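This report looks at a protein model from two sides, the arrangement of a sheet with its packed helices and the empty space left among the atoms. The structure is shown first, and the description follows.

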Amino acid sequence: MSLRLATFNVENLMSRFDFTGFRNQLRQDRVLKLFEVKSEEDYRRLEAARIVASTDDTRQLSALAIAEAEADILCLQEVDNMDALRAFEYGYLFRMVGHGYMHKYLVEGNDSRGIDVGVMMRDQTRDGERIEIVDIKSHAALTYADIGLFSPEIAATNKPDDKIFKRDCLELDLKIGGRPFTLYVVHFKSMTNGRDGVDGRTSTMPIRRAEALAVRHIIENRFGPDHAGRKDFAICGDMNDYQERVIVSGSKRTGYGFTHEDGLPSALDVFSHDGFAENVMRRREPLDRWTLYHARGPEEQHLCQLDYIWLSPSLAARNSGRAPEIVRGGQPFRTVFPPGQDVERFPRVGWDRPKASDHCPVVMSLDFA
């Protein structure tokens with residue numbers, strides 16, 4: 001009895017326009033910066049046309065990435081609302097996979113942009129085992145004060161009664177062929193721009209660490225600290241942090257170099273330091289664990305894992321011979337692939353855009369018996 005479980009940051013699956021770029025240059029798309037736009041009315045018209053023109057290609061590529069993953073349960077990040085998810089599934093994904101993801105779950109979370117985490121699932125696994133939803137719970141209302149996570153590091157940017165999760169921790173109680181399975185879907189605080197001489201990843205890490213601690217608290221509070229490891233659970237999502245990365249140097253003309261850096265400080269040490277859960281991506285080769293390419297021009301480039309499937313010790317042990325798969329066919333051509341990893345890109349992928357997402361879907365086949 002097996003299940004294919006996937007996670008994918010679909011990147012801005014929106015059902016509305018964002019016109020704030022007219023007054024905030026940081027939110028204005030680069031193509032509109034090429035033109036002199038004198039009025040807000042003209043800006044709104046041009047921005048709406050730009051979004052509509054680019055979205056069809058983008059969502060076809062997103063759907064191709066999802067179709068290639070062939071997941072039974074798909075965890076999603078950056079979904080605007082249920083209407084957007086339904087429209088995407090019906091208008092794009094259905095054309096590729098048919099009557100697959102009939103069940104969709106999303107709860108409005110805390111994100112200021114309105115992007116949420118969600119889940120789509122089939123009626124049954126590809127092996128014919130029934131997938132049942134027993135209960136679903138949002139933890140978006142959980143505060144630092146509720147579970148004693150307020151600290152001096154957090155106090156720099158937050159108050160005790162502020163919400164811990166910048167989006168949500170969505171908890172789903174499931175049964176796979178009658179066997180209990182609990183799924184936690186998250187999207188942790190992003191690595192924003194640095195301030196006061198501190199880089200963005202470091203300055204935002206205390207918030208992500210609190211989110212990770214809160215996820216662990218939820219799981220241990222439910223199953224008991226001494227029993228959680230024997231339960232079948234998975235924590236999936238875009239966690240906006242990494243414990244290792246691959247530094248990319250050189251150029252296409254001179255040849256690229258790839259240097260693996262491991263043991264980096266990370267909020268995700270909360271899950272791994274004592275074996276609470278396993279990042280099964282580390283079963284792959286060190287240069288082949290990345291799900292995102294980051295670049296600030298040729299001088300600063302790296303590959304890293306931001307998208308995770310963490311398994312409980314019980315589930316990880318039962319699947320000790322398996323490793324996740326990464327769908328990279330929707331990556332733009334600017335992404336630098338280490339030797340031997342190049343894949344055939346989906347039709348119409350561009351140098352930077354259109355693309356399926358800046359993230360790659362991660363999928364893993366899991367045995368439950």
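How many cavities of 30 Å³ or more does the structure hold? The structure, which is a predicted model, holds two cavities of 30 Å³ or more. Their volumes and the classes of their lining residues are set out below, together with those of the second largest pocket.

| Space | Volume | Lining by class |
|---|---|---|
| Largest cavity | about 60 Å³ | five nonpolar, two polar, three charged residues |
| Second largest cavity | about 40 Å³ | two nonpolar, three polar, two charged residues |
| Second largest pocket | about 410 Å³ | eight nonpolar, five polar, four charged residues |

**Cavities**

The largest cavity is lined by E244, R245, V246, H260, P286, R289, W290, L303, C304 and Q305, and at least two residues of this lining come from each of the strands β9 and β13 (301-304). The second largest cavity has a lining made up of Y242, Q243, E244, N279, R282, Q305 and Y308. E244 and Q305 therefore take part in both linings, since each is listed for the largest cavity and again for the second largest, where a lining residue has an atom within 4 Å of a cavity point.

**The second largest pocket**

Seventeen residues, written as 17 in the count, line the second largest pocket, and those that lie nearest its centre are Y256, F333, R334, T335 and V336. Strand β9 (245-251), already named for the largest cavity, supplies at least two residues of the pocket lining, as does β12 (292-295).

**The sheet and its helices**

Elsewhere in the model, six strands form an open sheet of mixed pairing, in the order β3-β4-β2-β1-β16-β15. Because β3 (103-106) and β15 (325-326) stand at the edges and have a single partner strand each, one side of each is left without a neighbour in the sheet. Within the sheet, β1 (residues 2-13) and β16 (residues 362-367) pair in the antiparallel sense over six bridges, and T7 stands opposite V362 in β16.

Two helices pack on this sheet. Helix α1 (residues 40-69) touches β1, β2 (73-79) and β16, and its direction makes about 165 degrees with that of β1. Helix α2 (residues 82-97) touches β1, β2, β3 and β4 (116-121), with a direction that makes about 150 degrees with that of β3. Strands β1 and β2 are thus named among the contacts of α1 and also among those of α2.

Conventions:
Residues numbered from 1 in each chain as written. Predicted model: local features only at pLDDT ≥ 70, side-chain atom pairs only at ≥ 80, totals over all residues. Heavy atoms only, no water. Pairing = 2+ DSSP bridges. Helix = DSSP H or I, 4+ residues; strand = E, 2+ residues; numbered from the N terminus. Contact = heavy atoms within 4.5 Å. Axes fitted to C-alpha atoms, helices over the stretch in contact; angles between N-to-C directions. 1 Å grid on protein atoms, 1.4 Å probe; cavity = no way out; pocket = protein on both sides within 12 Å on 5 of 7 lines; lining within 4 Å. Points joined across faces, edges and corners; volume = space filled by probe spheres on them. Nonpolar A, V, L, I, M, F, W, Y, C, P; charged D, E, K, R; others polar.
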